[in-house]
Every structure is written in C-alpha cells, then in structure tokens.
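Me: I am new to reading structures and would like a close look at one part of this one. Please start there, then move outward to other places worth checking.

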Amino acid sequence: MSMKLEKAVKTPQSGGLRQAMAWLHTWSGLWISWLLFAIFLTGTLSVFEEPIGHWMQPEHAIEEAKHANEPPPPKVTDRAQRLQLALDFMAKAHPKADMWEIWPVQRPGQGLSAYWFQPQGGYGAADLDPLTGKQIEHGHAGVQRATQGGHHFVDFHYELHAGRIGVWIVGITTMIMLVALVSGVITHKRIFKDFFTFRPAKGQRSWLDAHNAVAVLTLPFQFMIAYTGLVFFADDYVPAPVVAQYGVDNAKKSFLADWNDVGKPARSGQPLAIPDLEQFALRAEQAIGQEIRAVVLDNPNDASMRVCMYGWNEDSGLLERISANTGRACYALATGLETAVRQPGGSDTGGAALTRNVMSSLHMASFGGLPMRWLYFLCGLAGTAMMGTGAVLFLVKRRQKSLGEFGAATPRVYRLVACMNIAAIAGLSIACISYLWANRLIPIGQELRAGWEVRAFFGVWCLTLLHACLRSEKRAWIEQLGLLAALCLLLPLLNLLTTGDNLAAQYARGDWESAGVELCAIAFGLLAAWGARKVGTRKSAAAAKKTAPANINRSTTMENNA
Amino acid sequence: MKPVHMMLLSRVLAAVFGGYALTSGVAVLLSSILPLSRVEAVQTATLSAFVVYTCAVIWVFAVQDLRRAWLGMLLPAIACGSLGLLLARGAA
C-alpha cells in the first residue's frame, strides 16, 4: 500500500490520538460487548456458586437443615488407622499407580478418599468407608436432583461449555476487553470530572454518564478481573516462552513439573516398604502449623518414595492473606529426612509462581470471606452494566442520526446490533433465571437431567434472539424485560409450588443461602420491571429527534468520536 | 474492497498478528535474560505478556503511518525473538 494512498484516505488515525482511541474503543467494544455481558453476568453469579448450588438441591438443603440443631459429630481421631486402610486399599486395587493421594479428613461430615494417577493417564478417585476401608459405591443417583448447580455459571464464563475452543474464545474476548478499557481511558480525558456528572433522563447523555460512572468507579476491578482471568490459561495463550526454554517436545509437561511438582524423585527400582505415615503427618503439622488435609505418596513401594503432607486452610487464615496456597511438607521416606517445607500462603519456586497464585485467588475471591464476595458481586454487576450501557449507547447515539458507517447496509447493521443487544442483555438474563426454573420443572428421574438444565439455558437464549429479531425493537425490549421480571419475581412461588419450601421457612431454619438466592431474584426482578416500564414510557424516536440539537452542541470528545 | 477498508484490514492484522508476534518475541527474550530460575523466568515472562500485547495493539491503532505500525511490530518481534532464542537456557 503506497504512502500517497494512505495520506489521501481519511482514517481514524489522522484525527489524532484521542479520535483514534475513540474509534478503537467503539468498535472493539461493540463486537465483544454481547459476549462480555454474558461472561460478566455468569462470572458474577459464579461468585455465589455454592449458594446457587445449594438452592438447586432443595432435598439436600432440607435434609441438612434437619440435622442443623444436632451437635456436630465428634472429630475423628483415628487418622493413623484410616491412613493404613487407604494404603491397603491402594495396594490391592491400584498397586501400579505412581502417585497415591489420600485424604484422611478429620472434619465432621468428611470421610476417607483416595486418588491416584492411572498408569494409562488420568486421575482416579474412590471414596472409602472410614471404618472398613471398603470402597463406597454411590448408587442413589435416581433420588437426587442431578444438577450442575452454580458450576454451570462458572463453566460458562470461562469456557462457554465448549472446552478448549471456549477457553480460547473467552481469552480472545478478554484480551479485546483490555484494549477497550485502555482505549476508553485514553478517550475519556475528563475522567474524574465526568465521574461526578450524572444527567438523568437526558437520553444519550444519561447513557454515556451511566457507562462512564460504572466504568470509572470500578475501573481497577475491571482491569484486575480481566487480567487475572487471562492468567489461568496464560501459557496456553502465549506458549512461546515455555517452548523456548523447555524445548519443543513435552515443553508444557516439563514446565508444569518444574512449577507444580518441585523435587519429584525418579524411580530407583529398589523396593522399600511403606513406613507408618502418621508420624510424618504429625511432623508436618508441626512444620507448617496446619491440620493435614491430603497425604501424597510418590513412587509407592520404591526406595525413592517421597511423601508430601498438605495442610488445610482455615477460613480465618484466608482473611489474612490472599494466596490460597496451603502449607506443604515433604519427606524422603528412605531416610526420613524433610526435603521441602512451604508455609501456608508461600510458594514452592519463588515470587513469580506466588504472583500467579495470588492472581488466581484475586480472580476467584477465595480470600476475605463473605464481605469480599459481596464486593466482587457488586463490582461484577457494575462491569456487566458497563458492557450493557456501552452496547446500548452505541445505538442510542446513532438513533438520532445514522453515521452511515456501512454505506447502504447501515440500517440493516443497526437492526442487527439492536437484536444482539436485546438477546445479549435481556435474553441472557432470561436464560440465567430459566436455568433455575428448569431446575424445578425438569422431573427428578429424568435421564441426563443436569444436561437438560444446561440445554434449557441455551435453548431459552436462542429463543430470545429469535424473538428479538421478529419483534420491533421497543416491543422486544418491553416483552423480554417483562418476562425477565416475571420469572425472577415468581421464582419463590415456583419453589413453594414444587418443593414446598419458602422464604419464611428458609428464614426460620437459618438457611440464608437459599433465602439469598430468592431475595436476589426478587431484587433483579424489580430492576427488570423498572427497566421494562422505562422503555414503555420512553419518547418515540421522532420526539427524541426534536430535542437532539441541544445535546449535540454540548457534546464531549467522546461523543464526537464514538 | 475500497482502499480505506484494505487499510483498516491491514491495521487490524498488524494489531492481532503483529502484536502477537511482538508479545511472543518479548516474552521469549524476558524468559531468557531475567536473572531468575528457569521456571520463575518463564512464569514472569508469561504473566507480563498481556501487558505487552495490550500496549502493542493500542500503539498500532495510534500511529498514523500504517507501514510504521507493521514495522514497529515485526522488527522488534524478530529482534527480541531471535536474541531470546540465542540466549535460551539449556535443558538444565
């Protein structure tokens, strides 16, 4: 492409930095706003994965409540014996596995579990009877309400239920979000002044103010959550450094071994009997100051045998530090020597690994307890609102005067954007609450029940897109927001009719997880009803046109360029 | 395709693929020269990659001259990448 041509053609770049960034912000933001809205809303719901899962298994919740007033069962104290039972089980059932992991959990309600690496690859698991060491078969699937619970939202927000492909789509979208955030900040020169500006009921200006307010208020959170989200799969997204330093063959595997499995011994071929592991558990408890949760045995019955004891994070510990790393102490069993100790919140390899670990904890809010979860929930909702207001602002701005970006096709593109906005914002929200409805409406004995709940989520979402395309824009907004309000507000009633449970009963038995889900649904329902009413009373496009000139004269840089 | 669309496409490609090449090149160099153990240097380089990518994309969309945008991505990408590979740590 010649330089001459470049000068002759007007590009966003020829108008200076701010205009170039405004262009980048608008167009990078628009195309990802729909998917990002979905990722942010489901990610925000993921904060309360456990309460949602709790609500979605009412039989379990009610069963739990029956035992709530009983004194907790006494702490199990026979760890030495249970360790031996698990070792016997592994020696009989999986002698060839080169890693045995035993959870002799002492806490009430926890039993005895064994995990191992299958010789052919993969992770095996068995729950054992803590008194006999016999494997427990979980055969009562028909009675339970099979569900993915809140994990559906977790899974969707990072891989869209699409495995590796989904991880890449979410990763690319998040990367574009970082670009949109930075270009948005550069565009927005009056960033702090505008933060204190809100002009309600002024059409385009109000949408812009709302978009700016939620974005600026929570900007550090949005940067943090996007960046730390990328970190989970960082070495898949950018594999070059791993390949450069670890060679092309098995690079990832060697890197992971270096990172997560420091000092794993190589098999020697000489036999060695497994000693009493309880004494090592006691030593490890002294070394790391935590109760032992997991016992990991490498190369069982080989002279190179190593045992690593992992601690158990107390909730109070996670109020004091961000890293969720537990303590860990390792021993070479041939000599009985301690080979490595990691204190709780520490790292095996150093600052970089700890940074990565802290970034994961920052993303998942695994620290700080319930108040932190609520803070994340609110910031996540603000991020969701940032996506939604941005997408709506794009059209509100162009409703007054088409900018003709797509030539003759412009009206069709605007119409498409309108459909996508409705299906992404109202439609996805409907899909989320429909997922909870499906949980109560799909019969308990249904085959592949958990899968059908997820199918209901996607099915409803597709229907909302179809509906948005078939109806006029205003009608579609009103109808979908109205449906959303109804589904949210009626959720407690649905629960009452299908399980007999209700807010009063939840309150009476102190079940704030279930009550929280229903109260939040009511709050979202009221918000949706308010939205539907606002759209219903909105001035028609023609009336809005008459008041437009006054707005245009006072517009800011961002509005001019966006 | 109109010239303006060709130029836009070229710029987007420079940002996406040129930016990714630059990101990878810088990450390889960092993982080679940082005075840390191998696994720590690789971690640091990987964790920093998205800062590099973001800045690269912003820069590509900020400069006027499209040729400069392409060269600004590819030359440092090649320079950093090859220097990083030359200095790459052995299997130790």
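The part I have in mind is the pair A:Cys308 and A:Cys330, and the reply goes on from there to other residues and helices.

Reply: This is a predicted model, in which local features need pLDDT (the predictor's confidence in each residue, from 0 to 100) of at least 70, side-chain atom pairs count only at pLDDT 80 or more, and totals for chains, interfaces and linings use all residues. Residues are numbered from 1 along each chain as its sequence is written, chains are lettered from A and ligands numbered from 1 in the order in which they are written, and side-chain values use heavy atoms, with hydrogens and water left out.

Start with the two cysteines. In general, a disulfide is a covalent bond between the sulfur atoms of two cysteines. Here the term is applied to a pair of cysteine sulfur atoms within 2.5 Å. By that rule there is one disulfide over all chains. It joins A:Cys308 and A:Cys330, with sulfur atoms 2.1 Å apart. The link between A:Cys308 and A:Cys330 is right-handed, with 105° about the S-S bond. The pair ties together distant parts of the chain: A:Cys308 belongs to strand 5 (residues 306-311) of chain A, A:Cys330 belongs to strand 6 (residues 328-332) of chain A, and 22 residues separate them. Helices (H or I, at least four residues) and strands (E, at least two) are DSSP runs, numbered from the N terminus.

A residue is called buried under 20% relative accessible area, exposed over 50% and partly exposed in between, using a 1.4 Å probe and protein chains only. A:Cys308 is buried because its relative accessibility is 1%. A:Cys330 is buried as well, because its value is 1%.

Chain B offers a contrast. B:Cys80 is in no disulfide, and the nearest cysteine sulfur, in B:Cys55, is 14 Å away. Seen from B:Cys55, the closest cysteine sulfur is that of B:Cys80, and because the distance is 14 Å, it is too far for a bond. B:Cys55 counts as partly exposed because its relative accessible area is 47%, while B:Cys80 counts as buried because its value is 17%.

The rest of chain B can be put around these cysteines. Its secondary structure consists of three helices and zero strands, in the order α-α-α along the sequence. The C-alpha trace of chain B spans about 55 × 20 × 20 Å along its principal axes. Of the 92 residues in chain B, 47% are buried.

One residue of chain B also reaches chain A. B:Ser32 sits in helix 1 (residues 3-33) of chain B and is buried because its relative accessibility is 9%. Contact means heavy atoms within 4.5 Å. Beyond four places in sequence, B:Ser32 touches A:Gln245, B:Gly84, B:Leu87, B:Ala88 and B:Arg89. With A:Gln245 there is a side-chain polar contact of 2.8 Å. A polar contact is a pair of N or O atoms within 3.5 Å; within protein, one must be able to donate a hydrogen and the other to accept it, and residues adjacent in sequence count only if both atoms are side-chain atoms.

Back in chain A, A:Gln222 lies in helix 10 (residues 219-231) of chain A. This glutamine, A:Gln222, is buried because its relative accessible area is 0%. Leaving aside neighbours within four places in sequence, its contacts include A:Phe40, A:Met177 and A:Cys379. A polar atom of the A:Gln222 side chain lies 3.4 Å from the backbone oxygen of A:Cys379.

Helix 5 (residues 79-93) of chain A allows a check of length. The expected span of a helix is 1.5 Å times one less than its number of residues. Its 15 residues should span 21 Å, and because the end C-alpha atoms are 21 Å apart, the two values agree. Buried residues of helix 5 of chain A include A:Leu83, A:Leu87 and A:Phe89. Among the elements covering the buried residues of this helix are strand 1 (99-104) and helix 14 (278-288) of chain A.

Two loop residues of chain A are left. A:His161, between helix 6 (151-159) and helix 7 (163-187) of chain A, has a positive phi of about 60° although it is not a glycine. A:Asn250, between helix 12 (240-246) and helix 13 (251-260) of chain A, has a positive phi near 55° and is likewise a residue other than glycine. A:His161 is partly exposed because its relative accessibility is 26%, whereas A:Asn250 is exposed because its relative accessible area is 53%.
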